[in-house]
Amino acid sequence: MAANAAAQSGHPGSFKTWEARLPLLLTYVLLSIGAIVMIMPFVWMVSTSVKPDREIFGDTIRWIPNELDLQNYSDAFEQTNMPRIFANTVLVTAVAVFSQVLLGSMAGYVFARLQFRGKTLIFFALLTTMMVPFEVLIIPVFLLIRAFPLAGGNDILGQGGTGLINTLGGVMFPNFVSVFGVFLFRQFYLGFPKEIEEAAIVDGCSRIGVYWRILIPNSKPVMGTMALFAFLWSWNDFLWPLVVVKEDSLKTIQLGLSVFDQEQGTAWAELMAASVMAVVPVIFLYIFLQRFLVSGGITSGIKG
Amino acid sequence: MNHALRRPSLSSSETDDLRQRLYRVMNSQAFVALLFLLVPVTLLAALKIWPVFYNLFLSFTRYELFEPPRFYALKNYNYVFTNTTVRQSIFNTLLFTIEAVPIGTALALVIAKLLNQSIRGRVFLRTLYYLPVVSSVVVSAMIWRWIYSPQHGLLNHLLGTVGIPPQNWLNDPNLALISLVIVTIWGSIGSNMVIFLAGLQDIPRDIIEAARVDGANALQNFLLITVPLLRPVILFVVVTFTISIFRNFGLIFMLTQGGPFNRTNTMVWEVYQNVFGYLRFGRGAAISVVMLVIVLILTMISFRVLRDRQGA
């Protein structure tokens with residue numbers, strides 16, 4: 001913006017002068033240096049992942065390897081039990097995304113459109129919980145999952161067994177709904193023109209019908225945003241699966257990688273190959289969903 | 001159900017009358033609200049509200065999982081505030097915040113300001129800056145452990161070219177925390193930048209244009225117009241960034257495990273150690289409560305700062 005303004009302030013009709021271009025040039029230089037620093041670790045990861053060991057432990061920095069060693073990928077693929085941990089993660093993440101979008105939009109609709117007793121109280125109670133980090137609540141949530149009734153050898157009161165500990169259900173449980181999602185959808189629906197819904201109600205549509213036939217089909221941007229965030233949280237979640245899952249066959253991709261990291265220690269090529277495999281789906285999905293992102297979600301609650 | 005929800009056509013027969021009344025109840029705002037909120041609010045109450053109180057309860061007990069919790073009065077809190085390891089974890093968490101938040105926030109703001117122009121490649125650059133956010137903490141940690149590696153690590157290689165001797169980044173008591181701070185800043189610039197970009201879009205262009213006409217240069221414009229107008233957004237970033245540091249478990253687990261000599265032992269790590277290492281649930285709960293109180297105080301201070309400044 002500043003650069004643009006400066007460019008326009010040059011003599012009208014003449015070519016842009018050096019002076020006018022300088023801020024723009026400076027912008028590009030600074031942004032490029034920053035961007036290079038930001039992506040350098042990823043480039044190094046990819047570079048290491050395709051190198052033979054003797055290049056990795058060489059005395060010079062080689063960004064582009066002299067020879068490719070793709071064996072690292074097949075080794076990492078087998079040693080991390082990639083198909084298994086990948087499938088577990090896809091399942092856990094798919095449930096989280098679906099559930100957070102559905103429950104978030106339902107609750108968001110209620111808080112944006114309906115009037116009922118206790119609404120303000122419930123709304124502010126939820127608002128307050130946004131300030132409470134999940135890590136602080138990990139002990140009660142762990143005990144809750146452990147005491148889940150009729151699971152893992154528990155009786156109806158949740159005693160006697162291990163509940164949902166060491167199950168994928170236990171991994172999923174805290175990710176069914178997010179307060180952030182409720183607010184995201186509420187904010188979106190508040191900005192949605194009421195007239196359309198009123199017209200539909202006059203025409204005989206029920207409230208659930210309004211939600212299902214009008215709001216849901218028009219929620220694609222906010223759903224994309226919610227889905228992306230739910231995906232990232234669930235796919236990248238580490239502490240909770242670490243606490244809940246013990247068995248190898250139930251591990252998520254992050255957990256599998258962390259174990260692999262500790263076992264392999266300095267097998268850098270395999271470690272980086274495994275990292276590439278874990279991060280590539282996320283990057284592609286992010287780039288694909290990026291255009292759906294609504295900025296309203298990010299600033300909601302801090303405006304005004 | 002679906003049939004009943006359709007508004008029936010007006011008719012005088014009794015079934016239609018019943019159906020109409022049922023419809024009115026089921027279409028009432030309260031009923032739909034109850035129906036729609038039942039699952040999400042129950043889950044959030046169980047996962048976000050009840051745990052706060054149960055944590056508080058546990059913090060006054062001795063609980064080691066296999067016997068019911070026993071009342072323990074203030075012994076856990078006494079331990080938290082007298083034990084040197086726990087005290088150091090509180091100190092480290094605050095130090096971590098002080099080292100990471102100001103620099104990280106300032107960098108994110110400057111990058112956002114530079115990106116908030118109609119320049120070519122804007123979306124591409126923004127995506128590059130955002131990539132570390134998309135990457136998981138485990139992957140990030142693995143990459144950085146390799147970069148920090150004392151033998152053949154990229155950082156020591158690069159520093160070697162300018163004559164700086166190799167360092168043992170993650171195992172040197174004087175460097176370990178700062179090494180984690182660097183990874184944290186790198187990993188958070190993207191998300192903070194996106195928030196700043198959204199905030200910058202809301203600043204009316206004519207204000208900046210007016211200041212420029214009045215003779216303000218780009219730097220003055222940034223410091224005297226943009227920054228003050230962005231104050232609520234800056235505050236939001238500082239608070240969320242601080243909270244994210246309090247939550248920062250994965251990096252410590254993957255890179256230092258709290259070491260060397262407890263120099264990177266933060267509160268979240270201490271909770272994890274006590275609970276899942278030594279099965280000291282009560283003690284872990286007490287540390288969690290202290291952590292939560294600190295987070296809430298920080299949040300409230302910043303809200304107050306915001307309100308006072310706005311009032312002035």
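This tour goes through a predicted model of two chains, A and B, and suggests what to select at each stop.

Residues are numbered from 1 along each chain as its sequence is written, while chains are lettered from A and ligands numbered from 1 in the order in which they are written. Because the model is predicted, local features need pLDDT of at least 70 and side-chain atom pairs count only at pLDDT 80 or more, whereas totals for chains, interfaces and linings use all residues; side-chain values use heavy atoms, with hydrogens and water left out.

**Stop 1: the two chains**

Select chain A, which has 16 helices and 0 strands; here helices (H or I, at least four residues) and strands (E, at least two) are DSSP runs, numbered from the N terminus. Of the 304 residues of chain A, 53% count as buried, where buried means under 20% relative accessible area, exposed means over 50%, and partly exposed lies in between (1.4 Å probe, protein chains only). The surface that chain A exposes comes to about 14,000 Å², and carbon and sulfur atoms supply 65% of it; such areas come from the Shrake-Rupley method with a 1.4 Å probe, and for residues only the protein chains shown count as cover.

Now select chain B, which contains 15 helices and 2 strands. Among its 312 residues, 51% count as buried, and the chain exposes about 15,100 Å², of which carbon and sulfur atoms supply 64%. Taken along the principal axes, the C-alpha atoms of chain B fill a box of roughly 95 × 70 × 45 Å. The radius of gyration of chain B is 27 Å, whereas a compact globule of 312 residues would have one near 20 Å; this radius is taken over C-alpha atoms, and the globule rule is 2.2 Å times the number of residues to the power 0.38.

**Stop 2: the loop between H7 and H8 of chain A**

Select Phe148(A), which is found in the loop between helix H7 (138–146) and helix H8 (168–172) of chain A. Phe148(A) counts as partly exposed because its relative accessibility is 29%. Leaving out residues up to four places away in sequence, Phe148(A) touches Asn154(A), Gly158(A), Gly163(A), Leu164(A) and Phe173(A), where contact means heavy atoms within 4.5 Å. If you add Phe180(A) to the selection, the two phenylalanines are 32 residues apart in sequence and 25 Å apart in space, C-alpha to C-alpha.

In this loop between H7 and H8, select Asn166(A) as well. Most residues other than glycine have a negative phi, and most peptide bonds are trans. Asn166(A), however, has a phi near 65 degrees, which is a positive value, and it counts as partly exposed, with a relative accessible area of 24%.

**Stop 3: Val171 in helix H8 of chain A**

Moving into helix H8 of chain A, select Val171(A). Is Val171(A) buried or exposed? Val171(A) counts as buried because its relative accessibility is 3%. Apart from its neighbours within four places in sequence, Val171(A) is in contact with Val92(A), Trp240(A), Pro241(A), Val244(A), Val245(A) and Thr252(A). From Val171(A) back to Phe148(A) there are 23 residues in sequence and 13 Å in space, C-alpha to C-alpha.

**Stop 4: Leu35 of chain B beside chain A**

Select Leu35(B), found in helix H3 (residues 29–59) of chain B. Not counting residues up to four places away in sequence, Leu35(B) touches Met106(A) and Ile208(A). At 37% relative accessibility, Leu35(B) counts as partly exposed.

**Stop 5: two loops of chain B**

Go next to Pro260(B), in the loop between helix H13 (250–255) and helix H14 (267–277) of chain B. The peptide bond from Gly259(B) to Pro260(B) is cis, with omega near -15 degrees.

Then select Leu279(B), in the loop between H14 and H15 of chain B. Its phi is near 55 degrees, a positive value in a residue other than glycine, and Leu279(B) is partly exposed, with a relative accessible area of 30%.

**Stop 6: the largest cavity**

For the last selection, take the residues that line the largest cavity: Thr61(B), Arg62(B), Tyr63(B), Glu64(B), Tyr72(B), Asn76(B), Arg280(B), Phe281(B), Gly282(B) and Arg283(B). A cavity here is a set of points, on a 1 Å grid over the protein atoms alone, where a 1.4 Å probe fits but cannot get out, and lining residues have an atom within 4 Å of a point. The largest cavity has a volume of about 40 Å³, a volume being the space filled by probe spheres set on the points, which are joined across faces, edges and corners. Helix H15(B) gives the most to this lining, with 3 residues.

Methods:
1 Å grid on protein atoms, 1.4 Å probe; cavity = no way out; pocket = protein on both sides within 12 Å on 5 of 7 lines; lining within 4 Å.
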